[in-house]
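Got your viewer open? Let's take a short walk through this structure, one selection at a time.

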Amino acid sequence: MLLEAKNLEFSYEENQKIEFPDFELESGESLLILGKSGSGKTTLLNMLAGLLKPKSGEISIDGKDIIGFSQKQMDQFRGKHIGLIFQKPHLLAPLSVKENLEVVPFFGKTQGESPARILEELDIKNKVNSKVRTLSEGEAQRVSIARALMNKPKLILADEPTSSLDDENAERVIKLLKDQAQRIGAGLIIVTHDQRIKNHVSKFIEVKKNESV
Ligand SMILES: Nc1ncnc2c1ncn2[C@@H]1O[C@H](COP(=O)(O)OP(=O)(O)OP(=O)(O)O)[C@@H](O)[C@H]1O
């Protein structure tokens, strides 16, 4: 099993508690996190990425109890094994596409995939030397997927990756995410409201906020 989450709870404030459903994910499998606005989907993704510590519960990734990690251990683990994709691409604007990919193995201290190969897979090779500020939104999101794949992560976490894309680009990005996750044998978890993604991934959990604590 790649990932197991059990009895997770989080609270930002004393009179508020968010309880999360238990779930499991195998390598190569995809899962959607669904739920209303404000229900706690991004909070869950941030806990899985080790960016937030749950109030209680367990998260195991690749057999490791990530909640027990120190901040430094978590940063190293994330750099090596987790690829993150956000709603907006968060690329380094003054750098080229290639340079944006090359910083990943540099900071993760890993060997990294070849940027040329990944950009070819994502059909964006002709932009390799372009500055990222000259890219369209769909192209920039494909570069952010390329960046998340650079370290061949075991787990890919994506937060609303298609919400600012038109239908054609959204379909393309979903397909790429799924295909690439399968190619490298990674688990893929996507937070979304997007019906266009729901048509492509059948396994899901739903997060519901519980106000009465
Ligand atoms: N830093 C914070 N401090 C206090 N409350 C927060 C903080 N971040 C989020 N919350 C609250 O926690 C709840 C869950 O937020 P979260 O962003 O996880 O929801 P979400 O399901 O991802 O929402 P959306 O779909 O609108 O992005 C919300 O009520 C939100 O207002």
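Start at the ligand. Select it, then show what surrounds it: Tyr12, Gly35, Ser37, Gly38, Ser39, Gly40, Lys41, Thr42 and Thr43. Try colouring this shell by class, and you'll get one nonpolar residue, seven polar ones and one charged one. Keep in mind as you click around that this is a predicted model.

Now zoom out and select the whole chain. Switch to a cartoon view and look for seven helices and 10 strands. Along its principal axes, the C-alpha atoms fill a box of roughly 55 × 35 × 30 Å. How does the radius of gyration compare with that of a compact globule? For 213 residues, such a globule would come out near 17 Å, and the chain has 17 Å, so the two agree. As for what's tucked away, 38% of the 213 residues count as buried.

Next, pick strand S8, residues 155–159, and click on Leu155. Is Leu155 buried or exposed? Leu155 counts as buried because it has 22 C-beta neighbours inside 10 Å, and the cut-off for that is 20 or more.

Stay on Leu155 and light up its contacts. Skipping neighbours within four places in sequence, you'll find Leu2, Leu3, Ile61, His81, Ile82, Ala186 and Gly187. Contacts that link distant parts of the sequence show up across the chain too: among those between residues at least 6 apart, 72% join residues at least 24 apart.

For a last stop, draw a distance from Leu155 to Gln16. The two are 139 residues apart in sequence, and their C-alpha atoms are 29 Å apart in space.

Terms used: Residues numbered from 1 in each chain as written. Predicted model: local features only at pLDDT ≥ 70, side-chain atom pairs only at ≥ 80, totals over all residues. Near = placed C-beta within 6 Å. Nonpolar A, V, L, I, M, F, W, Y, C, P; charged D, E, K, R; others polar. Helix = DSSP H or I, 4+ residues; strand = E, 2+ residues; numbered from the N terminus. Buried ≥ 20, exposed ≤ 12 C-beta atoms within 10 Å, placed from the backbone. Contact = placed C-beta atoms within 7 Å. Rg over C-alpha atoms; globule rule 2.2 N^0.38 Å.
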